[in-house]
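Thanks, everyone. I'll take one boundary between two parts of this protein and walk along it. Please look at the screen.

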Amino acid sequence: MSHKLLTGQPVSRIEGQQKVTGAARYAGDYHVPELLYGYVVNSTITKGKILEIDTEQIKAIKGVIEVFTHKNRPSLAWFDLQYADMDAPPGSPFRPLQNADIKYNGQPIALVVAETFEIARYAASIMAVRYEEQHFFTDLESNKGKARDPKKGLATFLKPLPAKPKGDFGKAFHNAAAQVSAEFIHAAEHHNPIELFATTTVYEEDGKLTIYDKTQGTINCQLYVGNVFGLHYKNVRVISPYVGGAFGSGLRPQYQLFMSVMAALQLKRSVRVTLDRQQMFTFGHRPPTIQQTRFAADSQGKVTALGHEAVAETSQHEDYTEVVVNWSNMLYPAPHTSFDYKLVPLDVFSPLDMRAPGGVTGMHAIESSMDQLAYQLKIDPLALRLINYTDFDVTADRPYSSKELRECYVQGAEKFGWSKRTPEPRSMRRGHKLVGYGMATGIWEAMQVLARVEAVMTAEGKLEVSSAITDIGTGTLTVMTQIAADELGLALEDVTFCYGESQMPFAPVQGGSFTVSTVGAAVKAAGKALRKKLLKKAGNMPGSPLKSVSEKEVVFERGGIILKSNQNVIVYFKDIVAAEKKKVIKTTNTGVPNVFKLKNYTRAAHSAAFVEVEVDEELGTIQVTRAITAVAAGNIINPKTARSQILGGMVWGISKALFEETISDHRFGKYMNQNLAEYHIPVHADIHELDVIFVEEKDDIVNELGSKGIGEIGLVAMPPAIANAIYHATGKRFNQLPIHFDQLL
Ligand code: MOS
C-alpha cells in the first residue's frame with residue numbers, strides 16, 4: 001500500500017471538536033490562580049487634554065487593587081522614541097497612557113485592576129475625569145480639502161503608492177467612444193471578530209511572563225512586549241493557539257496587551273485584561289474612503305483609459321496606507337492611466353488592515369465602473385472582461401506566474417447560468433420582485449515571506465512539526481499537518497503540528513493570505529532535510545540494507561524508508577531513532593521565496609463572482625438569492641477548509657455591500673453603533689445559496705507548493721457583483737456602500 005497524498009484532500013479541521021465542544025481555550029479562558037482583572041477606561045471626548053482623573057475615590061472601593069493612568073504608568077523609554085516599532089504592519093503605533101493628550105474618542109486613558117472583573121468594571125464606570133476639550137475633525141467628506149500625499153516611510157515602501165501616470169490620460173479619456181465617471185463612497189468598518197480582545201499575563205516567580213494573547217502573531221507580540229518594557233525576549237512567552245477570528249485586527253499588538261503586561265509587571269501579579277464589545281470599536285478599522293473613477297473604451301470595448309483616485313482617512317499620528325487604486329491596470333491593460341491616492345489626517349485611531357485591505361475598496365469602484373462601461377457599449381459585462389483579458393501585467397511589465405481567470409469566468413458563468421440573463425435592466429422578474437444578475441472580477445496578491453519550521457522524528461516514529469504561526473480560524477493546523485504528513489509519507493494521526501507559541505521557530509503574523517505558502521514552504525524544507533537525515537542515519541545502522549543508498553532509490557511511507565527495487569525492505573523510523581540511543585532526530589529549516597525567479601513574474605490569485613439578487617421595490621428589500629465565486633488560486637491543499645475561506649469571504653462581501661458600516665456622529669467625533677445590535681452584519685436568514693468553484697491552476701513558479709492563498713480573494717469581487725446585480729434588477733446605480741433600502745425607495 002503506497003502513501004495516498006493528503007494534500008488536495010478535504011480533510012476536516014483537526015481542532016474542530018475542541019472548538020465546538022468548548023474545550024479550546026482562548027486568551028481570556030485560561031485558569032490562573034490568584035488572577036487579577038483589569039478593565040479599561042476610555043475617553044469620552046474626542047480631542048483635548050486630561051486635566052484630572054480622580055483615582056483616589058476608585059481605589060477606596062473594596063476589591064480595587066490599583067488604578068493606572070498616564071501619571072503613574074512605569075517610565076518606558078519606548079514612549080520617547082520616534083520610530084521604535086517592530087510591529088507588523090510597520091508604522092508608528094498608538095502608545096497607551098503616553099501622556100494627558102486625547103487623540104480620539106474612546107482612547108484608553110486608565111486601567112482599573114481589581115480582584116474581580118465586575119468590581120473593576122464597576123469602578124471604571126464611576127471614575128470621574130475632567131477634560132479640556134479641543135476642536136476636532138472626524139468627517140472625511142467635509143475635510144476632503146485637507147487631502148495630501150502619504151508620507152514616505154517603511155509602510156509606503158511595503159505597500160506601494162499609486163502607479164505613475166501613463167500615456168495621455170486626459171486626451172484618451174476625452175476622445176473615447178464610451179466614458180464612465182463615477183464617485184464611490186465607503187463607510188468605516190470594524191473587524192468585530194467574535195472573540196473579544198483579551199490578554200492573560202501570567203507573572204512567574206522569577207519575573208518571567210507567560211502571556212495568553214489574542215493575536216495574529218505570537219513573535220510580533222513577544223518582540224513588542226520585550227521592546228516596550230525592556231525585557232529579554234527569552235523571558236517573554238506569548239501563546240495563542242486558538243484565535244476566534246481577527247481579519248487583520250490582530251496584526252498589531254492591541255492596547256489590552258500593553259495594559260495587561262504593564263499591570264502584571266508593576267503589581268508582580270497575574271493580570272487579565274478583556275475588552276468588551278463596545279471597546280472593540282476603540283482601535284483600528286477599515287478607513288472610510290471616497291473614490292473617483294474615469295474609465296474609457298473604444299467602440300469595440302477595448303479599455304483605453306483608466307483613471308482612479310482615492311481619498312482615505314488616516315489618524316493624526318500615523319499614515320495608514322493601503323493599495324486602493326493600482327488594481328485596474330493589472331486586470332485591464334489600458335495604455336493611458338492616471339492614478340492618485342491621498343490621505344486626510346483626522347482625529348481618529350489609525351485605520352488598520354482589514355481582510356483584503358485596499359483591494360476590496362478599489363475593486364468595488366473598478367468593477368462597478370466596468371459594468372457601467374458594458375451598459376454604455378451594449379456589450380455583455382462578462383464579454384467586456386474577456387475583450388480586455390491579459391496574461392501580462394502591464395503595470396510591472398512582466399507576465400503572471402499563472403492566471404486561470406478565464407476559466408473562472410467560463411466555469412462560473414456556466415454553473416451560474418449567466419446566459420439566461422436578459423441584458424436590459426428591469427427585464428427579469430420573479431413574482432412581484434425584480435431579479436438582477438451581476439458579476440465582477442477579483443484579484444489579490446500571492447505573497448510569500450520567510451518562516452522557519454522544526455521537524456522532529458520521535459522515538460515512536462511519529463513526526464512533530466512546529467512553528468510560531470497562529471491559526472486565526474483559517475485551517476492552518478490542518479493544512480500544515482497534511483503537508484508535513486506527505487513529506488514523510490505518514491498518516492495524519494502520526495503527525496502533530498505545534499503552533500501558536502513565540503518560543504517556536506520564527507513565523508510572521510498570519511495575514512496577507514500568505515500563510516500556506518510561507519509556512520508550508522518551511523514545512524517542506526524541514527521535511528526534505530529530515531528525510532535526508534533519516535536516510536543517512538538508516539544507512540549507517542549496522543548491517544543496514546540502505547547503506548549508501550540515495551534518496552532516489554527509496555520511498556518514505558508506512559512509517560519507514562522503503563527500497564524501491566525491493567519493497568519488502570523497510571527500515572522503520574522508530575528503529576532509526578532507537579539506533580540513535582533514543583535521541584530524537586530533528587532539523588530546523590527556513591522556507592525562502594525564490595526571489596531571483598519571482599522578480600520576473602507578477603503573482604496573484606483571481607476570482608469571478610456571479611450574483612443573483614431579488615429586489616422588492618415596494619419594501620426596498622434586497623436579497624442575494626444566489627452567488628457563485630470561481631477562484632484560481634493555484635494548488636488547493638485542502639478543498640474543505642479552502643471552500644470555507646471563500647464562503648466566509650463571500651458572506652463578508654454581502655455584509656459589506658448591504659449591511660456593514662460604523663456610523664459616526666461628527667458633532668461628537670464618536671462612533672454611534674458600537675455594538676452588534678446596531679453594527680449590522682448578516683444573519684442566517686440573509687444568506688442563501690452560495691457556491692465555490694476552484695478552477696485548476698498549475699503554477700511551478702509561485703512557490704514549491706504551487707499555492708496562492710485564499711484568505712482574501714473570496715471577498716473582493718462580491719460587493720461590485722452585488723451592486724451590479726442591483727443595477728440590473730432596478731436600473732438604479734448605487735455607489736455608496738452599504739446599499740440600504742432607503743436609497744432604493
Ligand atoms: Mo489580513 S487584513 O492580512 O489579517
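Domain 3 and domain 4 bury about 3500 Å² between them. Carbon and sulfur atoms account for 56% of that area. Keep in mind that this is a predicted model.

Where are these two domains in the sequence? Domain 3 is built from 139-149, 156-190 and 284-389. Domain 4 takes 397-442 and 601-745. The protein also has a domain 1 and a domain 2, but I'll leave those aside. Measuring over C-alpha atoms, the centres of domain 3 and domain 4 are 18 Å apart. Their contact takes 34 residues from domain 3 and 43 residues from domain 4.

Now the domain 3 side. Which residues lose the most area to domain 4? They are Arg 355, Tyr 375 and Tyr 389. Together they make up 23% of what that side buries.

Next, polar links. Between domain 3 and domain 4 there are 23 residue pairs in polar contact, with both residues at pLDDT 80 or more. Four elements give two or more residues each to the domain 3 side: β7, α8, α9 and α10. Which one gives the largest share? That is α9, with nine residues. By type, the domain 3 side divides into 18 nonpolar, seven polar and nine charged residues.

On to the salt bridges. The structure holds 39 of them. How many cross the interface of domain 3 and domain 4? Three. Look at Glu 189 and Lys 656, which form a salt bridge. Their closest N and O atoms are 2.7 Å apart.

Stay on Glu 189. Arg 286 forms a salt bridge with Glu 189 too, and here the closest N and O atoms are 2.9 Å apart. This pair links distant parts of the chain, 97 residues apart. Arg 286 is in the loop between β11 and β12. Glu 189 is in the loop between β7 and β8. So Glu 189 pairs with Lys 656 and with Arg 286, by the 4 Å cut-off for a salt bridge.

Last stop, helix α16, residues 639-658. The helix has 20 residues. From first C-alpha to last, α16 reaches 28 Å, close to the 28 Å expected at 1.5 Å a residue. What happens at the start of α16? A side-chain oxygen of Asn 638 comes to within 2.9 Å of the backbone nitrogen of Lys 640.

That's the tour. Questions, please.

Conventions. Residues are numbered from 1 along each chain as its sequence is written. This is a predicted model: local features need pLDDT of at least 70, side-chain atom pairs count only at pLDDT 80 or more; totals for chains, interfaces and linings use all residues. Side-chain values use heavy atoms; hydrogens and water are left out. Domain bounds come from an automatic or database domain assignment. Contact means heavy atoms within 4.5 Å. Buried area is the accessible area (1.4 Å probe) that two parts lose on being put together, summed over both. A salt bridge is a side-chain nitrogen of Lys or Arg within 4 Å of a carboxyl oxygen of Asp or Glu. A polar contact is a pair of N or O atoms within 3.5 Å; within protein, one must be able to donate a hydrogen and the other to accept it, and residues adjacent in sequence count only if both atoms are side-chain atoms. Ala, Val, Leu, Ile, Met, Phe, Trp, Tyr, Cys and Pro count as nonpolar, Asp, Glu, Lys and Arg as charged, and the others, Gly among them, as polar. The expected span of a helix is 1.5 Å times one less than its number of residues.
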